[in-house]
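Open the model in a viewer and keep the selection panel at hand. The stops below say what to select and what is there.

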Amino acid sequence: MTRTVESIDQIVQALKDHMYIADRSLATAIFLALKLGRPLFLEGEPGVGKTEVAKVLADLLDRPLIRLQCYEGLDVNTAVYEWNYTRQMLQIRLMEAAGTARDQHAVDGLFSEEFLLKRPLLQALESRNGRAPVLLIDELDRADEEFEAFLLEVLSDFQITVPELGTIRAQEPPVVVITSNRTREIHDALKRRCLYHWIDYPGFEKEYQIVLAKVPQAPDRLARQVVGFVQALRGEELYKLPGVAETLDWVTALVALDQEELTEEAIQETLGVLLKYRDDIQRIRGETVRQLLERLQQGEALGL
Amino acid sequence: MMSALPETAPEPTPPHPAGKGQLLRNIVHFARLLRALGMDVTPTQILDLVAALEHMDLGAKQDVKAAARAILVGRREHLELFDEAFELFWRAHRHRFPRVDLGQLLRKRPAPQELLRMAEPPSKGKGQEPEPDPEPELDKIFTWSDTEVLRRKDFARMSEYELAQVKALMEEMRWDLDTRRSRRLERARAGAQLDLRRTFRRNTRYGGEPLELAWRQRKEKRRPIVALCDISGSMDRYSRVLLQFLYAITHSLGRVEAFVFGTRLTRITRQLRIRDIDQAVDAAASQVEDWAGGTRIGEAVRSFNRHWARRVLGQGAMVLIISDGWDRGDPELLGQEMDRLHRSCHRLIWLNPLLGSPGYEPLTRGIQAALPHVDEFLPVHNLVSLEQLAQVLRGDAPRRHGWRVRPRRTG
């Protein structure tokens, strides 16, 4: 288990060991995020492995992973903390029975840490076994501006104030990874606090390596063909291009169907694994699939 | 700083004998270059980069580049420009040639156009036109009726002077937006959801017996607006006024995404955010490479659907398409793409300056293909029509003017 990071090469190697095939520029961004104690902001199309980075990082640094999935209307109650009302009510009943309900001290006790339900952001401020966690803030673009503003505050000084309880400060700031699918622009102020990295679709060789690493049972020829086909498909005019996640799903599906190589029939049947819009499927199915496959096979024959 | 990491990371020895001061100077120079190219680089970012480079081998060019990229760039659009700037800077630096040819880089960006530059109203001091300066009372009456006439006059028939007045009037218009219920909750007197936290707080004094209830309700939010404005040759007479209109709504409504198109789609949102109206409109105009050319509405909408729809149509956006519908593209494509656009936004409004001319019938093939997918088809040729639009956007339109097109949802 790696716990300290000394160089970019070390990150590159560690990512490889954790089956994550990455560019050196991503490794540099990760390295600096750790060295400078800054959040890592990953942007890219869906399915290029943004979330995976946080998981690998947690594994690599041997720290717990805390994940906050964003959505519109995400509020303090779900992101930071909530009081455990049921327990508080019960406690009041007990206090009444014991005759201490008028005791100010006992009433104050109702708002102590004992009755606090900690949600991801608050959990992230706590070190476990002396190690601060990796905090993954996933798909920040889905949250609204109100949450973004709040997050900016938390990320600048890693402390959260609970009015009834006081300010809770992180002994050691967590390693923060933020991802966005770019369904809207994240505010510049937030991005400036972070190390920004755009994750692009991988090229042939890299995607092939990813397939080999993640679906080792796939026959080599099939893996090459699948990657070649997906790469060609990304050059087509589509509403939603298939990501790496789709490539992996597709290979897995084809392996499950006992395919040794790509056939037109198999592609037509499983196109839904790759393309998620009806318009896209209609556009590609039939003639385009045939052409793409032919071109792929010609390339193979020439040993490309 | 991560305390789990040893602070004694081996310091890489910089290959250059130059000290830290030199490095800082270079970074500041580089940041200046980036700023000149339109990127926002703050002093904090510069300091961050200096701190980052302390951990790195300065001879490893690609690593240094990746570090600078991660710290100085925050938008995907800037990555390419950054890469070029970096290469240029590195090369210039290598050859101990301290100046970078900014012009070479800047030339890659669209050159500012003088097109559509509109004359200002004659300035007061050196008026070529004699400044009318009658009795104040008279002036008021004159101005009032003048304004009334102006409000109804077609933009295309206005003199430069009148257009300048329109600009001022446009800035005074009140814009407001239809709202939607967001998923965020706010306090309310009565509502659908119990606010447990406040309820509990309030009732501790009754021994936890919930006597007074506190409520929450869904918060209302303004809908975002996305405008696609035609700037092809046939729209020439309206283009500048419409850009001013886009400026006006950008500044009073906040969440506006603006695009212009002729044969290709250009995003001008950022340019319109510039505070000064003339600078903003000029900056927007200079982004465009296909002024006053042909129109391919279908292609433009397709390009929007493909590259932007997912990014800007969230949260129940309203889409404005501003065009006269003279289209050289394929009407079938336009129909398909309008259908798609219609399905991905809250309301699709087509604004057509020609609708203001008496006797105009929307018979062009483009319009015919698009109309079934449009919620609202309105004129946009004078100030009165803009006021009507303001009502429609607020969601309280009388809907007497223009045509109300029944939305036909397919699928």
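Helices and strands here are DSSP runs, numbered from the N terminus: H or I over at least four residues for a helix, E over at least two for a strand. The model is predicted, so local features need pLDDT of at least 70 and side-chain atom pairs count only at pLDDT 80 or more, while totals for chains, interfaces and linings use all residues. Residues are numbered from 1 along each chain as its sequence is written, chains are lettered from A and ligands numbered from 1 in the order in which they are written, and side-chain values use heavy atoms, with hydrogens and water left out.

Select Leu196(B). This residue lies in helix α8 (residues 196–203) of chain B. Is Leu196(B) buried or exposed? Its relative accessible area is 41%, so Leu196(B) is partly exposed; buried means under 20%, exposed over 50% and partly exposed in between, with a 1.4 Å probe and protein chains only. Add Glu186(B), 10 residues away along the chain: the two C-alpha atoms are separated by 13 Å.

Next, select the whole of chain A. It has 15 helices and 9 strands. Its radius of gyration (taken over C-alpha atoms) is 25 Å, well over the 19 Å from the globule rule for 304 residues, so chain A is more spread out than a compact globule. That rule is 2.2 Å times the number of residues to the power 0.38. The C-alpha trace of chain A spans about 85 × 45 × 35 Å along its principal axes. Of its 304 residues, 52% count as buried.

Now select helix α10 (residues 204–214) of chain A. Its buried residues are Lys206(A), Glu207(A), Tyr208(A), Ile210(A), Val211(A) and Ala213(A). Show α11 (220–233) and α12 (244–256) of chain A as well; both are included in what covers those buried residues.

Move on to the nonpolar cores, each a set of buried Ala, Val, Leu, Ile, Met, Phe, Trp, Tyr and Cys residues joined through side-chain atoms within 4.5 Å. The largest has 101 residues, and Leu121(A), Leu140(A) and Phe147(A) have the most contacts inside it. Helix α2 (residues 24–36) of chain A gives the most to this core, 9 residues. Apart from it lies another core, of 42 residues, including Phe245(B), Val281(B), Ala284(B) and Val380(B).

Finish on Leu140(A). Leaving out residues up to four places away in sequence, Leu140(A) touches (heavy atoms within 4.5 Å) several residues, among them Phe41(A), Cys70(A), Phe147(A), Ile178(A) and Arg184(A).
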